Amino acid sequence: MSAVNATTENLNDILSCEDIAPTPQVSTAAAPARRTPYFETESGKRLVENTLTLFRNAIPPLLGMLLFVGLWGLISHSIKNIPGPSETWTSAVELFSDPFYDNGPNDQGIGWNILNSLYRVGIGFGLAAAVGIPLGFMVGRFDFLNRMLSPIISILRPVSPLAWLPIGLLVLQKAEPASIWVIFISSIWPMVLNTAAGVQRIPQDYLNVARVLNLSEFKVFTKILFPAVLPYVLTGVRLSIGVAWLVIVAAEMLTGGVGIGFWVWDEWNNLNVAHIIIAIFVVGIVGLLLEQGLMLVAKRFSYE
């Protein structure tokens with residue numbers, strides 16, 4: 001109907017609303033809201049994703065360890081003198097139940113032996129860092145010094161660490177400083193070579209700018225060399241700590257005293273193979289912790 005042609009009767013009919021059907025009201029109880037399942041929410045999806053990531057990261061090493069233990073069990077079953085995983089575990093529980101007992105200089109717990117080895121490694125490694133890092137900077141910075149020391153480093157670096165032990169015993173006259181000397185001379189080379197390589201890889205433009213600005217050698221070192229070379233230094237330090245921990249076991253086998261290497265040799269003399277296997281795991285775990293600790297330190301530095 002057109003509003004122009006509307007009459008009085010039509011308007012009354014429209015206003016009375018008799019021919020308009022009322023709009024039905026929908027009951028809210030008849031159509032309840034759909035509840036979103038938990039795993040479709042953001043937190044649920046995140047939980048599923050984290051769980052899958054955990055399984056992907058954990059399953060390969062877990063399978064590797066199971067394979068290792070299985071092969072170990074087969075070998076120990078075939079060779080009677082090698083203890084199996086269960087026997088070694090029982091010995092380890094008994095051994096670490098009291099790791100710091102002290103029944104005299106030749107009978108101490110494995111804890112004391114580990115601490116004594118770490119003490120020697122700390123001193124030898126610290127001396128190597130104090131000498132090797134500055135020497136690496138100088139070798140990389142000055143070409144004449146590099147050409148002068150390169151033949152010496154090339155000859156001495158491949159020498160077996162234990163070949164240095166008689167020299168240490170001859171000069172120092174005692175087993176303790178001789179062990180530290182072996183650690184020092186074995187762990188110094190990675191720090192020298194990596195530091196020198198880092199200095200030599202610095203762009204020449206940086207040094208040209210320093211020369212134009214007439215910077216002192218101290219300023220060149222603190223503002224240019226050290227920040228740029230720090231990643232190489234930390235790489236050398238990480239390699240050196242692994243060498244130092246590797247060498248101390250062999251050195252202590254020959255020098256005696258209290259230490260993890262001497263403890264392994266002593267257990268061999270007692271034919272306690274289970275303790276030797278435990279010592280192998282201890283040496284590996286401590287070396288891994290030392291390396292991972294240095295890697296965490298390296299990640300805290302910014303190399304920008």
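Here are legends for a handful of close-up views of this predicted model. Numbering starts from 1 along each chain as its sequence is written, and side-chain values use heavy atoms, with hydrogens and water left out. Because the model is predicted, local features need pLDDT of at least 70 and side-chain atom pairs count only at pLDDT 80 or more, while totals for chains, interfaces and linings use all residues.

**View 1. The whole chain, eleven helices and zero strands.** Read from the N terminus, the elements go α-α-α-α-α-α-α-α-α-α-α. Helices here are DSSP runs of H or I with at least four residues, strands are E runs of at least two, and both are numbered from the N terminus. Of the 304 residues in the chain, 32% are buried; buried means under 20% relative accessible area, exposed means over 50%, and partly exposed sits in between (1.4 Å probe, protein chains only). The accessible surface comes to about 20,100 Å², with 66% of that belonging to carbon and sulfur atoms. Those areas come from Shrake-Rupley with a 1.4 Å probe, and for residues only the protein chains shown count as cover. Among contacts (heavy atoms within 4.5 Å), those between residues 24 or more positions apart account for 67% of the ones with a separation of 6 or more.

**View 2. Glu 252 and Arg 120, a buried salt bridge.** The closest N and O atoms of this pair are 2.5 Å apart. Glu 252 belongs to helix H9 (residues 217–255) and Arg 120 to helix H4 (residues 110–141), so the bridge ties together parts that are 132 residues apart in sequence. Glu 252 has 0% relative accessibility, and Arg 120 has 4%. The cut-off for a salt bridge is a side-chain nitrogen of Lys or Arg within 4 Å of a carboxyl oxygen of Asp or Glu. A search of the whole structure turns up four of them.

**View 3. Arg 238 and Glu 291, a link from helix H9 to helix H11.** Here the closest N and O atoms of the salt bridge are 3.1 Å apart. The parts being tied together are 53 residues apart in sequence. Arg 238 is partly exposed at 26%, and Glu 291 is partly exposed at 30%. Elsewhere, salt bridges with shared partners join Arg 120, Glu 176 and Glu 252 into one network.

**View 4. Arg 147 and Asp 143, a salt bridge inside helix H5.** The two sit four residues apart in H5 (residues 143–156), so about one helical turn separates them. Their closest N and O atoms are 2.9 Å apart. Arg 147 counts as exposed at 54%, whereas Asp 143 is partly exposed at 48%.

**View 5. Ser 187, a buried residue in helix H7.** Helix H7 covers residues 175–200, and Ser 187 has 0% relative accessibility. Setting aside neighbours within four places in sequence, Ser 187 is in contact with Gly 124, Phe 125, Ala 128, Ser 240, Val 243 and Ala 244.

**View 6. A nonpolar surface patch of about 560 Å².** Its members are Met 65, Phe 68, Val 69, Phe 281, Ile 285 and Leu 289. Helix H2 (42–78) and helix H11 (273–299) are the elements that give two or more residues to the patch. Val 69, in helix H2, is partly exposed at 36% relative accessibility. Patch residues need over 30% relative accessible area and no salt bridge; nonpolar side chains (Val, Leu, Ile, Met, Phe, Trp, Tyr) are joined within 5 Å, and like charges within 9 Å.
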